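Good morning, everyone. Let me put the structure up on the screen, and then we'll walk through it.

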Amino acid sequence: MKIISFFLTVLISGCAAMPSSYNPDDLQDQELAHVKQYRPSWVEAQHRASVAAVFDDSKTMVIDSSFWAGEHSSVSLVPGTYYFVFRCDDGSTYSFPRSKVILDEVTEYTMFCERIIEEDAFLGLDQIRGIKVRVVKSSEFSPENIKHEYFKKD
């Protein structure tokens with residue numbers, strides 16, 4: 001019984017992860033760039049963005065989403081250029097879009113998913129054909145910034 005209790009404790013504490021950080025220069029937290037998740041309300045038909053992995057300019061993984069860590073709703077990074085692998089999901093569909101992001105110091109960013117929708121794709125209904133992620137400065141973000149892309153096949 002003690003062994004089962006121990007494994008349950010390890011499993012539960014593993015799920016309570018702190019926001020991930022990459023800070024090899026040992027900068028103060030205020031000097032880092034912070035990327036956070038936009039959380040749409042439950043009535044919005046939106047995909048939610050999270051960070052699956054981050055690579056630096058030399059293609060070295062600096063933040064990953066292992067089984068224990070899961071995807072990250074926020075990350076803190078030394079300013080610079082990074083290659084993000086995001087996860088966008090809405091509970092029934094998901095995607096792993098990638099994006100190159102340039103981060104400035106002392107700046108907070110918001111990440112959000114945008115759908116690429118084909119109009120009248122199946123029996124006159126619209127269908128999601130792809131998902132992309134945008135990262136913008138939080139001071140410039142509002143839910144009205146989310147612009148789903150629509151197209152119609154000829």
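Start with one pair of side chains. The side chain of His72 makes a polar contact with the side chain of Ser20, at 2.8 Å. Keep in mind that this is a predicted model.

Where does His72 sit? It is in the loop between strand S4, residues 61–63, and strand S5, residues 74–77. Is His72 buried or exposed? Its relative accessibility is 8%, so His72 counts as buried. Setting aside neighbours within four places in sequence, His72 is in contact with seven named partners: Ser20, Ser50, Val51, Ile63, Asp64, Ser65 and Met111. So much for the loop.

Now the overall layout. The protein has one helix and 11 strands. The helix comes at the N-terminal end of the order, and the strands follow. Of the 154 residues, 32% are buried. The protein exposes about 9900 Å², and carbon and sulfur atoms supply 55% of that. What about contacts along the chain? Take those with a separation of 6 or more: 62% of them join residues 24 or more positions apart.

Next, the inside. In soluble globular proteins, nonpolar side chains tend to be buried together. Here, the largest nonpolar core has 22 residues. Which members touch the most others? Val54, Leu77, Tyr82, Phe84 and Leu103. Several strands feed this core. At least two residues each come from strand S2 (33–37), S3, S4, S5, S6, strand S8 (98–103), S9 and strand S10 (125–137). The largest share, four residues, comes from S6.

Look at Leu77 in detail. Not counting residues up to four places away in sequence, Leu77 touches Tyr22, Leu32, Ala33, Val54, Val62, Ile63, Tyr82, Phe84 and Leu103. Apart from the largest core lies another one, of five residues. Phe112, Val136, Phe141 and Ile146 are among them.

On to the disulfide. How many are there in the whole structure? The search finds one. Cys88 and Cys113 form it, with their sulfur atoms 2.0 Å apart. The pair links distant parts of the chain. Cys88 is in strand S6, residues 80–89, while Cys113 is in strand S9, residues 108–122, and the two are 25 residues apart. Both cysteines, Cys88 and Cys113, are buried. Why do we call this disulfide left-handed? Because the torsion about the S-S bond is about -95 degrees.

Stay with S9 for a moment, since Thr110 is in that strand too. Thr110 has 3% relative accessibility, so it counts as buried. Its side chain makes a polar contact with the side chain of Ser138, at 2.8 Å. Leaving aside neighbours within four places in sequence, Thr110 is in contact with Lys36, Tyr38, Arg134, Val135, Val136, Ser138 and Phe141. Val136 and Phe141 we have already met, in the five-residue core.

Last stop: Phe55. Phe55 is in strand S3, residues 48–55. Buried, exposed or in between? At 23% relative accessibility, Phe55 counts as partly exposed; the cut-off for buried is under 20%. Beyond neighbours within four places in sequence, Phe55 is in contact with Thr60, Met61, Val62, Tyr82, Tyr83 and Val85. One more distance, if you want to find it on the screen. Phe55 and Lys100 are 45 residues apart along the chain, and their C-alpha atoms are separated by 9.4 Å.

That's the tour. Thanks for listening.

Terms used: Residues are numbered from 1 along each chain as its sequence is written. This is a predicted model: local features need pLDDT of at least 70, side-chain atom pairs count only at pLDDT 80 or more; totals for chains, interfaces and linings use all residues. Side-chain values use heavy atoms; hydrogens and water are left out. Buried means under 20% relative accessible area, exposed over 50%, partly exposed in between (1.4 Å probe, protein chains only). Contact means heavy atoms within 4.5 Å. A polar contact is a pair of N or O atoms within 3.5 Å; within protein, one must be able to donate a hydrogen and the other to accept it, and residues adjacent in sequence count only if both atoms are side-chain atoms. A disulfide is a pair of cysteine sulfur atoms within 2.5 Å. Accessible areas come from the Shrake-Rupley method with a 1.4 Å probe; for residues, only the protein chains shown count as cover. A nonpolar core is a set of buried Ala, Val, Leu, Ile, Met, Phe, Trp, Tyr and Cys residues joined through side-chain atoms within 4.5 Å.
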